[in-house]
Each structure stands twice: as C-alpha cells, then as structure tokens.
Amino acid sequence: YKNYKNELNHYEKCSHFGGRFYARVPMGESRFDVCHRVYSTLPEIFADLKSHRVEHVVIVSHSVPLRAFQMMYLGGTPEWFEESKSPVHCSIKVINETYPKGHYIWPEKDQELSDDETLLFTDPDSQTTDTTQQMREGFIEEV
C-alpha cells in the first residue's frame with residue numbers, strides 16, 4: 001500500500017478516532033459498509049425461506065461478511081463484531097435454536113483466528129467506541 005499513503009493515513013486516523021468498524025480501508029469498504037450490504041439481503045433471504053418453505057440455509061463467504069451476517073441476524077453490536085474473531089478457513093458453523101450464537105462442527109474444536117492473522121491493517125491502540133445506538137439509528141430495523 002505504499003502507493004496509497006494518504007489513504008492509509010486516513011484509514012488509521014478513522015480507526016483511531018472513530019473505531020475500525022467505521023473506517024474504510026484504502027480503496028475498499030468499512031465493516032459498517034459490509035454490514036449494511038449484508039443487512040440489505042436479509043429480507044430476501046427471509047422471503048425465500050417463507051415462500052419456498054426452506055428449512056436450512058447455507059451461506060458461503062469470506063470471514064467479514066460471515067461475521068456481519070451473524071451480527072445482523074442475531075442483533076449484535078459493532079462492539080460484538082470487533083470482539084469476535086474470524087473463523088478458520090473452510091470451517092462450518094451452525095446457528096440454530098440449540099446454538100443461537102453458533103457452534104463449529106468443523107473443525108471439531110471451536111477455532112478462530114485473531115484479527116491480527118486476518119487483517120492487513122491493525123491498530124493496537126484503537127479503542128472501540130459505544131456505537132450501538134448510532135448503528136440502530138443509522139440503519140438497523142426490526143426484521
């Protein structure tokens with residue numbers, strides 16, 4: 001990213017002052033953007049479940065959209081998102097009435113990667129702000 005020094009500096013400032021959840025990586029999306037994109041698909045998923053009487057849904061994606069889906073589906077907060085860890089590659093996680101927060105069935109042990117292992121940009125000094133109310137006012141509605 002040496003070609004995008006200004007953008008990287010902007011990202012680092014946003015991460016430090018506004019939290020990584022809202023900071024856009026250079027030439028990319030913020031985690032908030034990903035959550036908004038995922039949230040916009042939920043009504044379609046629920047409509048398909050109802051109209052086609054689907055019992056099970058399989059979602060295959062990268063770790064950030066998967067965590068975004070879990071956050072939006074379970075009514076989590078940006079703080080939860082920041083504290084959650086990325087799943088191990090090719091892992092399978094079941095979310096149902098028995099395991100509302102999810103349970104890994106492969107690998108057998110619950111394994112997750114730290115953000116340091118999955119993100120290009122880390123800021124150990126960043127502090128998550130209380131953004132729950134901002135998120136709810138911004139775009140979260142009852143599904």
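**The big pocket and F69**

Okay, so 43 residues line the largest pocket, and I59, F69, K93, V94 and I95 sit nearest its centre. By pocket I mean, on a 1 Å grid over the protein atoms alone, an open set of points where a 1.4 Å probe fits, with protein on both sides within 12 Å along at least five of seven lines; lining residues have an atom within 4 Å of a point.

Quick caveats: this is a predicted model, local features need pLDDT of at least 70, side-chain atom pairs count only at pLDDT 80 or more, and totals for linings use all residues. Numbering runs from 1 along each chain, and side-chain values use heavy atoms, with hydrogens and water left out.

Back to the pocket. Its volume is about 1,400 Å³, that being the space filled by probe spheres set on the points, which are joined across faces, edges and corners. The lining splits into 23 nonpolar, 12 polar and eight charged residues; Pro counts as nonpolar and Gly as polar here. Helix α4 gives the largest share, eight residues (helices are DSSP H or I runs of at least four residues, numbered from the N terminus).

Now, F69 is in α4 too. Is F69 buried or exposed? Buried, at 15% relative accessible area; the cut-off is under 20%, with a 1.4 Å probe and protein chains only. Beyond its neighbours within four places in sequence, F69 is in contact with V38, L42, I45 and I59, contact being heavy atoms within 4.5 Å. The C-alpha atoms of F69 and C35 are 7.1 Å apart, though 34 residues separate them along the chain.

Key: Helix = DSSP H or I, 4+ residues; strand = E, 2+ residues; numbered from the N terminus. Buried < 20%, exposed > 50% of the residue type's maximum accessible area, 1.4 Å probe, protein only.
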